Amino acid sequence: MKIVLLDAKTLANNPLTPIELLGELTSYQITDGAQVVTRCMDADIIITNKVVINAETLSALPKLKLICVAATGTNNIDLVAAKAHGVAVCNVAGYSTPAVVQHTFTLLGNLMGNMHRYLNDSSNGLWQKSDMFCRLDHSINEIAHKNFVIIGYGTLGQAVATVARAFGANVIIAERPNETSVRAGRVAFLDAVQSADIISIHCPLNEQTKDLFDARVFKQLKPSAVLLNTARGGIVNEQALVDALKQKVIAAAGFDVLTVEPAQNTNPLLNYTGDNLLLTPHNAWAAQESINRLIKCIAENITAFHHGGDINRIV
Ligand SMILES: NC(=O)C1=CN([C@@H]2O[C@H](COP(=O)(O)OP(=O)(O)OC[C@H]3O[C@@H](n4cnc5c(N)ncnc54)[C@H](O)[C@@H]3O)[C@@H](O)[C@H]2O)C=CC1
Ligand SMILES: O=C(O)C(=O)CO
């Protein structure tokens, strides 16, 4: 079995032993789109975290049998083309749940407590200038009793909901947008976001979720709303978010993802200078424990596929 790993650097150069044991592994640190076909010409299996595999690439790789995505999100793969070419696709479900939940609440806790502003103030010597024991320059709000809306109630959405409930929040699960019927236990998308104090996005990026949060939706939100996106760039329109943050249409946002990654100098969120946005470089998943589980699970996916099984099969 010839296996090509296209972006080993995204696994933080951890040992790949479980995968190496499965076949002939060729591992590249980073691969750009133009190199994929040459590098994968003889591959039975491609492992990719974020390298894009599009229809054109798939038509140039007749030997390919499996794309094993080294991530949960599969939006870098043309799934329709993969199916048409008879190429199986699997992802790794649930490997990063504790880390993403932790990251989500780290962003949220910072924003609700204005922690980032207080940390700056402490570093800039403001505490020494106080005439009382503490500083109360920025508002501090609790997560408890807030309407906490989940968009995408899968593995991560459910895990975030559990922790939100533990904080005492009132968890509301949003129905998919444009659904005419609302499932039991869910609230219609617009009603949910209108009532939200906190919104946390955990759905995949696809045709239905692209620009799900645009200027029209931002207008429906409370001015006190906090928006978290640890899912995918592109679900929130970045210019609309910047406008909403600037004009105080919403209070704050915590984001781990951008529409184009790595970040580009022209990205509206990078160029936004207000301090009501916290931005991390798509590393919510990247706890060492997640990476260990990820490598192990990639090996399990490949083994299952090789034996005719279908763990984590998307296509
Ligand atoms: N920032 C990071 O480091 C990470 C980001 N992710 C992102 O988080 C996403 C979710 O991960 P999981 O919860 O593990 O996946 P999952 O597949 O368990 O859950 C996704 C949920 O979204 C729902 N969904 C699908 N289309 C929807 C729509 N149009 N509107 C609302 N909901 C919709 C699905 O029904 C499912 O319940 C991934 O697709 C990935 O893009 C995942 C891991 C790490
Ligand atoms: O697993 C995912 O989907 C991530 O975004 C991390 O690579």
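## Helix α5 and what comes after it

Right after α5 comes Asn 114, with a positive phi near 50 degrees. This is a predicted model, so keep that in mind as we walk back along the helix.

How far apart are the end C-alpha atoms of α5? The answer is 22 Å, and that agrees with expectation, because 16 residues (97–112) at 1.5 Å a residue should span 22 Å. As for cover, 12 of the 16 residues are buried, so α5 is mostly tucked away. Going through the buried set, you'll find Thr 97, Ala 99, Val 100, Val 101, His 103, Thr 104 and Phe 105, then Leu 107, Leu 108, Asn 110, Leu 111 and Met 112.

## Gly 113, in the loop

Gly 113 sits in the loop that runs between α5 and α6 (115–123). Buried or exposed? Gly 113 counts as buried, because its relative accessibility is 15% and the cut-off for buried is under 20%.

Setting aside neighbours within four places in sequence, Gly 113 makes contact with Tyr 118, Ser 139 and Ile 140. Leu 212 is 99 residues away from Gly 113 along the chain, and their C-alpha atoms are 27 Å apart.

## Helix α7

Helix α7 takes in residues 155–166. Its 12 residues should span 16 Å at 1.5 Å a residue, and the end C-alpha atoms are 17 Å apart, which agrees. Just past α7 there's Gly 168, whose phi is positive, near 90 degrees.

Which residues of α7 are buried? They are Gly 157, Ala 159, Val 160, Ala 161 and Ala 164. The cover over these buried residues includes α5 along with three strands: β6 (147–151), β7 (170–174) and β9 (198–201).

## Asn 147, in strand β6

Asn 147 belongs to β6, a strand that helps cover the buried residues of α7. With 18% relative accessibility, Asn 147 counts as buried. A polar atom of the Asn 147 side chain lies 3.0 Å from the backbone oxygen of Ser 195.

Ser 195 also turns up among the contacts of Asn 147 once neighbours within four places in sequence are left aside; the others are Asn 170, Ile 172, Ala 196, Asp 197 and Ile 198.

## Helix α10

Helix α10 covers residues 238–246, and its buried members are Glu 238, Ala 240, Leu 241, Val 242, Ala 244 and Leu 245. What covers them includes two helices, α9 (215–218) and α11 (268–271), plus the strands β10 (226–229), β11 (252–255) and β12 (277–279).

Both ends of α10 have something to look at. At the start, a side-chain oxygen of Asn 237 comes to within 3.2 Å of the backbone nitrogen of Gln 239. Just after the helix, Lys 248 has a positive phi of about 55 degrees.

## Ligand 1

How many residues surround ligand 1? There are 24, and the closest are Thr 155, Leu 156, Arg 176, Thr 230 and Asp 256. Split by class, this shell comes out as 9 nonpolar, 12 polar and 3 charged residues.

Several of the polar contacts go to backbone atoms. For Leu 156, a polar backbone atom is 2.8 Å from an oxygen atom of ligand 1, and for Thr 155 the corresponding distance is 2.9 Å. Tyr 153 has a backbone N or O atom 3.5 Å from an oxygen atom of the ligand. On its own, ligand 1 exposes 860 Å², and the protein buries 84% of that.

## Ligand 2

The residues around ligand 2 are Asn 49, Lys 50, Ala 71, Thr 72, Gly 73, Tyr 95, Arg 232, His 282 and Trp 285. By class, the shell divides into 3 nonpolar, 4 polar and 2 charged residues.

Which side chains reach an oxygen atom of ligand 2? Tyr 95 does, with a polar side-chain atom at 2.6 Å. The side chain of His 282 has an N or O atom 2.6 Å from a ligand oxygen, while a polar side-chain atom of Arg 232 lies at 2.8 Å from one. By itself, ligand 2 has 230 Å² of accessible area, and the protein covers 91% of it.

Terms used:
Residues numbered from 1 in each chain as written. Chains lettered and ligands numbered in written order. Predicted model: local features only at pLDDT ≥ 70, side-chain atom pairs only at ≥ 80, totals over all residues. Heavy atoms only, no water. Helix = DSSP H or I, 4+ residues; strand = E, 2+ residues; numbered from the N terminus. Expected span 1.5 Å × (residues − 1). Buried < 20%, exposed > 50% of the residue type's maximum accessible area, 1.4 Å probe, protein only. Near = heavy atom within 4 Å. Polar contact = N/O pair within 3.5 Å; in protein donor to acceptor, adjacent residues only side chain to side chain. Areas by Shrake-Rupley, 256 points an atom, 1.4 Å probe, with all protein chains shown as cover. Nonpolar A, V, L, I, M, F, W, Y, C, P; charged D, E, K, R; others polar. Contact = heavy atoms within 4.5 Å.
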